[in-house]
Amino acid sequence: MMLIHCHLPLKSQNMQILDLLAARHYILLREQAILSLLDPDFSVKLEAYKNLLILKNDAEGLGVSKQLNSEIPQITDGEFVELCLISDKTIGWS
């Protein structure tokens with residue numbers, strides 16, 4: 001299993017690749033990538049990912065944690081580190 005963590009706002013051309021990766025790997029939205037969930041074009045697609053996670057501290061720091069779908073797990077920094085350690089690969093996506 002890979003952990004792919006995105007930190008910049010997502011672009012439409014990246015979505016096709018993420019669609020393929022999300023089927024078997026974890027996708028973590030952090031920093032500015034979380035704001036992609038506020039865009040209706042991206043949110044429907046992203047919320048369908050079973051392995052989608054949000055970095056809780058970043059969502060709170062951006063002031064959007066209450067606007068996000070409550071069904072998407074928000075993980076702590078410690079849980080992010082744990083996930084990095086147990087993943088076969090960790091990839092930063094920009």
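## Around strand β3

Ile54 has Gln74 as its bridge partner in β4. From β3, the chain passes through helix α3 (residues 56-62) on its way to β4, making a right-handed β-α-β crossover. Keep in mind that this is a predicted model. Ile54 also deals with the strand on its other flank, as the β3 bridge partner of Leu29.

The β3-β4 pairing is parallel and rests on 2 bridges, with β3 covering residues 52-55. Besides the Ile54 contact, Leu55 in β3 is matched with Ile75 in β4. What about the two faces of β3, covered or not? Both are covered: Leu52 and Ile54 are buried on one side, and Leu53 and Leu55 are buried on the other.

## The whole sheet

Now zoom out. β3 belongs to an open sheet of 5 strands, and reading across you get β4-β3-β2-β1-β5, with parallel pairing. The edge positions go to β4 (74-75) and β5 (89-93); each has a single partner strand, so one side of each has no neighbour in the sheet. As a reminder, strands of a sheet pair through backbone hydrogen bonds, either parallel or antiparallel.

Further in, β1 (residues 2-6) and β2 (residues 26-29) run parallel and are joined by 4 bridges. His5 sits opposite Leu28 of β2, and Leu28 in turn has Leu53 as its bridge partner in β3. The β2-β3 pair is parallel too, with 3 bridges. Getting from one to the other involves helix α2 (residues 40-47): β2, α2 and β3 form a right-handed β-α-β unit.

## Cysteines

How many disulfides does the structure hold? The count is 0. A disulfide is a covalent bond between the sulfur atoms of two cysteines. Here, the cysteine sulfur closest to that of Cys6 belongs to Cys84 and is 13 Å away, so the two are too far apart for a bond. Looking from the other end, Cys84 is in no disulfide, and its nearest cysteine sulfur is that of Cys6.

The two residues also sit in different surroundings as far as accessibility goes. Cys6 is buried, at 0% relative accessibility, while Cys84 comes out as partly exposed at 25%.

## One salt bridge

If you're hunting for salt bridges, there is just 1 in the structure. The partners are Arg30 and Glu31, and their closest N and O atoms lie 2.7 Å apart. That is inside the 4 Å cut-off, so the pair counts as a salt bridge.

Which of the two partners is buried? Arg30 is, with 14% relative accessibility. Glu31 is partly exposed, with a relative accessible area of 36%. Since buried means under 20%, the two land in separate classes.

## A nonpolar patch on the surface

Some nonpolar side chains are out on the surface. Val81, Leu85 and Ile86 make up a nonpolar patch there, and together they have about 340 Å² of accessible area.

Where does Leu85 lie? You'll find Leu85 in helix α4, which spans residues 77-86. Leu85 is exposed, with a relative accessible area of 70%, and exposed here means over 50%. Compare that with the leucines of β3: Leu52, Leu53 and Leu55 are all buried.

Note on methods
Residues numbered from 1 in each chain as written. Predicted model: local features only at pLDDT ≥ 70, side-chain atom pairs only at ≥ 80, totals over all residues. Heavy atoms only, no water. Buried < 20%, exposed > 50% of the residue type's maximum accessible area, 1.4 Å probe, protein only. Pairing = 2+ DSSP bridges. Right-handed = clockwise from strand over helix to strand, strands pointing away. Patch = residues over 30% accessible without salt bridge, like charges linked within 9 Å, V, L, I, M, F, W, Y side chains within 5 Å. Areas by Shrake-Rupley, 256 points an atom, 1.4 Å probe, with all protein chains shown as cover. Disulfide = S-S within 2.5 Å.
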